[in-house]
Amino acid sequence: YDLSGDKAILDACVRFADNLLFELKKSGRRLVETGTFSGVASCSILKPMLMLYRITEDQRYLDFCLDFVGDWENSHIMPGLIANSLSEKAMSLWYDFDKIRWAKAYEMMSCFDGILELYRITAEEKYLKASECFYSILMKYELNPLYSVAFNDEFRDASSNINAITEPCDVIHFMRLCHELFTLTGKPEYMDSFELAFYNPFLASSFKSGEW
């Protein structure tokens, strides 16, 4: 829509968002209670919803985002992304990894992409602080030997492994996180991480021709 100005595209986005709000209200469920991996897959809609808020200025979309992001400020509601990131503890210490597979890498990083967009809109410092702490946790506990993060799409103390399994989706969302943090703070370490991820696992994951 930003590129074309085609109102039909915007109308479709609005209808989709309104349908989501209606379905959640009808079911009596919160967004964090839907989908897989303790809701991080569903909640990765955060940034698109905020983009829609910017375009339409419809307060309902911002209120919706603020409401479910509020659940992340409680470390007792899995995955408690904001509260647990501010604790700066390794993700393996947040919850019981053996019983609950919740720490899905690229969906969680996508959620932080949305948290940073929420910081841009609200100027609420805790959103930026939590995102920077999350990056620090990744660098300390989840950076793998390929300069990507996570092990086989999950945050499971990847830094302690001598080998690595990583996917383009993990690398791309890690690069997005680094880019957004650099854009907001100007700190060079974020682009250092972006560069290592781009030249190593990202380029290794694709053909020069772009066919795959």
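**Close-up views of a predicted model**

**Figure 1. Aromatic pairs, with W94 and W102 in the middle of the frame.** By the ring-pairing rule used here, the count comes to 10 aromatic pairs. One of them is W94 with W102, a stacked pair whose ring centres sit 5.8 Å apart, with 15° between the planes. Both partners are tucked away from solvent: W94 is buried, and W102 is buried too. Keep in mind, here and in every view below, that this is a predicted model.

**Figure 2. Another look at the rings: a cluster and a lysine over a phenylalanine.** F64, F68 and W72 are joined into a cluster by ring pairs. A charge gets involved with a ring as well: K104 places its charged end over the ring of F37, at 5.5 Å from the ring's centre.

**Figure 3. S85 and its neighbours.** Which helix holds S85? That would be α5, which runs over residues 81–87. Is this serine buried or exposed? With a relative accessible area of 0%, S85 is buried. Leaving aside residues up to four places away in sequence, S85 touches G80, W94, F112, A130, C133, F134 and I137. W94 should look familiar from the first view, where it stacks with W102.

**Figure 4. The D113–K47 salt bridge.** The structure holds 15 salt bridges, and this view picks out the one between D113 and K47, with the closest N and O atoms 3.4 Å apart. D113 sits in helix α6 (residues 105–122) and K47 in helix α3 (residues 46–56), so the bridge ties together parts that are 66 residues apart in sequence. Both ends are out of the way of solvent: D113 is buried at a relative accessible area of 2%, and K47 is buried at 16%.

**Figure 5. E73 meets K126.** Here the side chains of E73 and K126 come together in a salt bridge, 3.0 Å from N to O. This pair links distant parts of the chain, 53 residues apart: E73 is in the loop between α4 (59–70) and α5, while K126 belongs to helix α7 (residues 125–142). Neither end is buried here, since E73 counts as partly exposed at 35% relative accessibility and K126 counts as partly exposed at 28%.

**Figure 6. R156 with E154, plus a salt-bridge network.** How far apart are the closest N and O atoms of R156 and E154? They are 2.4 Å apart, and the two residues form a salt bridge. Its two ends fall into separate exposure classes: R156 is partly exposed at 29% relative accessibility, whereas E154 counts as buried at 9%. Elsewhere, R54, E117, R120 and E180 are linked in a network of salt bridges.

**Figure 7. The largest pocket.** This view zooms in on the largest pocket, which holds about 230 Å³ of space. Its lining is made up of Y1, D2, L10, C13, F16, A17, I45, P48, M49, M51, L52 and I55. Two helices, α1 (7–27) and α3, each supply at least two residues of that lining. Which element gives the largest share? The answer is α3, with five residues. K47, the salt-bridge partner of D113 in an earlier view, sits in this helix as well.

**Figure 8. A cis peptide bond at P79.** Follow the backbone from M78 to P79 and you reach a cis peptide bond, with omega near 10°. P79 is in the loop between α4 and α5. E73, the partner of K126 shown above, is in that loop too.

**Figure 9. Two positive phi angles outside glycine.** E88 is not a glycine, yet its phi is positive, at about 60°. Where is E88? Look in the loop between α5 and α6, where E88 counts as partly exposed at 45% relative accessibility. Y147 is the other residue in this view: again not a glycine, and again with a positive phi, this time about 70°. The loop between α7 and α8 (168–185) is its home, and Y147 is partly exposed there, with a relative accessible area of 36%.

Technical notes: Residues are numbered from 1 along each chain as its sequence is written. This is a predicted model: local features need pLDDT of at least 70, side-chain atom pairs count only at pLDDT 80 or more; totals for chains, interfaces and linings use all residues. Side-chain values use heavy atoms; hydrogens and water are left out. Helices (H or I, at least four residues) and strands (E, at least two) are DSSP runs, numbered from the N terminus. Buried means under 20% relative accessible area, exposed over 50%, partly exposed in between (1.4 Å probe, protein chains only). Contact means heavy atoms within 4.5 Å. Rings of Phe, Tyr and Trp (its six-membered ring) pair if their centres lie within 6.5 Å; planes under 30 degrees apart count as stacked, over 60 as edge-to-face and the rest as tilted. A charge sits over a ring if NZ of Lys or CZ of Arg is within 6 Å of the ring centre and within 35 degrees of the ring normal. A salt bridge is a side-chain nitrogen of Lys or Arg within 4 Å of a carboxyl oxygen of Asp or Glu. On a 1 Å grid over the protein atoms alone, a cavity is a set of points where a 1.4 Å probe fits but cannot get out, and a pocket is an open set with protein on both sides within 12 Å along at least five of seven lines; lining residues have an atom within 4 Å of a point. Grid points are joined across faces, edges and corners, and a volume is the space filled by probe spheres set on the points.
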